[in-house]
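Visitor: Could you take me on a close look at one part of this structure, the nonpolar core, and tell me how it sits in the rest of the chain?

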Amino acid sequence: MSIAIVTGGASGIGRAIATSLVTRGDTVIVSDVNIEGAEQVAHKLNSVGPGKAFAATLDVRDAEAVAGLFQSVKADHGRLDLVFNNAGIAIGGLAEALTLDHWNRAIDINLKGVVHGVHAAYPIMLEQGYGHLVNTASLAGLVPMPMGIPYTATKHAVVGLSLGLRAEAAGRGVKVSVICPSFVDTPLLTHVNPDLPETELSGDAGPDLKQALPKLYTAEKLARDIMRGVNKNHALIVAPASGRAAWRGMRLTPGGAIRVAQFAVDRFRTQKD
């Protein structure tokens with residue numbers, strides 16, 4: 001039985017990860033800035049599996065709050081085995097429509113939120129001599145994704161952070177993996193630019209974007225892929241197969257991948273006109 005923390009656990013990928021952990025018998029702290037949502041998830045999970053779930057309020061932008069939660073979990077349970085730094089938001093829009101608020105929110109949550117989780121958990125795991133950090137990035141952290149470059153930039157940073165830390169941590173007993181999913185059917189796709197200035201992809205454009213995408217992978221299927229990757233200590237967990245194909249194409253022909261992205265931008269601009 002593992003002791004695990006999942007940030008952004010009230011919905012989407014975080015909720016699916018927490019469900020997989022409880023189902024296999026782990027104790028999971030479901031943390032989220034939306035405490036009501038986290039409590040609902042924890043309540044439901046306590047009736048579906050042999051494990052246990054507890055809810056905790058957490059804004060990953062607050063480094064002291066993150067450290068406090070992680071230390072309290074270690075104190076209460078005697079160890080901290082798994083941390084899923086999963087909280088994130090979607091930022092969308094062409095570069096000329098973005099404000100510094102879009103950039104700063106993406107950096108504060110998608111990047112610094114992961115940094116805060118790593119900074120809080122890594123010393124605990126080093127002291128223990130074991131543990132596994134799992135950071136959620138995106139396929140956008142491996143391939144060029146326009147019309148949301150603050151999101152893309154932060155996800156590339158999370159990939160780099162995770163792989164660099166994996167190299168440092170390997171000799172210390174601590175494992176590090178990074179999740180790079182393609183488009184997944186989660187609320188993220190219909191909550192673009194939350195509480196931020198609107199762009200072409202804000203508000204009513206969210207549902208249109210979701211309909212324009214190919215068939216979406218479910219969070220539940222992704223969670224199974226994640227748990228297999230974690231169990232095998234994979235450095236990069238890329239899913240589904242279409243995402244792995246796009247990543248392979250980027251590595252083989254970077255110029256071609258950029259041209260495909262450019263085609264998507266041109267089509268988007270044509271449809272808007």
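Guide: Gladly, and one definition helps before we start: a contact here means heavy atoms within 4.5 Å. With that in hand, residues 24 or more positions apart account for 73% of the contacts in the protein chain with a separation of 6 or more. Please keep in mind that this is a predicted model.

A little setting comes next. The protein chain holds nine helices and nine strands, and its C-alpha atoms fill a box of roughly 60 × 40 × 35 Å along the principal axes. For 273 residues, a compact globule would have a radius of gyration near 19 Å, and the 18 Å of the protein chain agrees with that. Buried residues make up 50% of the 273.

Now to the core itself. In soluble globular proteins, nonpolar side chains tend to be buried together. Here the largest nonpolar core has 43 residues, and the members that touch the most others are Phe70, Leu80, Val83, Leu133 and Leu142. Two or more residues each come from β1 (3–7), α3 (63–77), α4 (100–128), α5 (149–169) and β6 (174–181). Of these, α4 gives the most, with nine residues.

Let us stop at Leu80, which lies in the loop between α3 and β4 (82–85). Leu80 is buried because its relative accessible area is 0%, where the cut-off for buried is under 20%. Leaving aside residues up to four places away in sequence, Leu80 touches Ile3, Ile5, Phe70, Val73, Lys74, Ala121, Ile124, Met125, Gln128 and Gly131.

Leu133 is another good place to pause. With the residues up to four places away again left out, its contacts are Val83, Asn85, Val118, Ala121, Tyr122, Met125, Leu165, Lys175, Val176 and Ser177. Ala121 and Met125 appear among the contacts of Leu80 and also among those of Leu133. A second, separate core of 29 residues includes Val6, Ala38, Leu45 and Phe84.

For contrast, look to helix α9 (residues 254–272), where Arg259 is found. Arg259 is exposed because its relative accessible area is 58%, and the cut-off for exposed is over 50%. From Arg259 to Pro50, 209 residues apart along the chain, the C-alpha atoms are separated by 49 Å. As for Leu80, its C-alpha is 43 Å from that of Val260, with their positions 180 residues apart in sequence.

Key:
Residues numbered from 1 in each chain as written. Predicted model: local features only at pLDDT ≥ 70, side-chain atom pairs only at ≥ 80, totals over all residues. Heavy atoms only, no water. Helix = DSSP H or I, 4+ residues; strand = E, 2+ residues; numbered from the N terminus. Rg over C-alpha atoms; globule rule 2.2 N^0.38 Å. Buried < 20%, exposed > 50% of the residue type's maximum accessible area, 1.4 Å probe, protein only. Core = buried A, V, L, I, M, F, W, Y, C linked by side-chain atoms within 4.5 Å.
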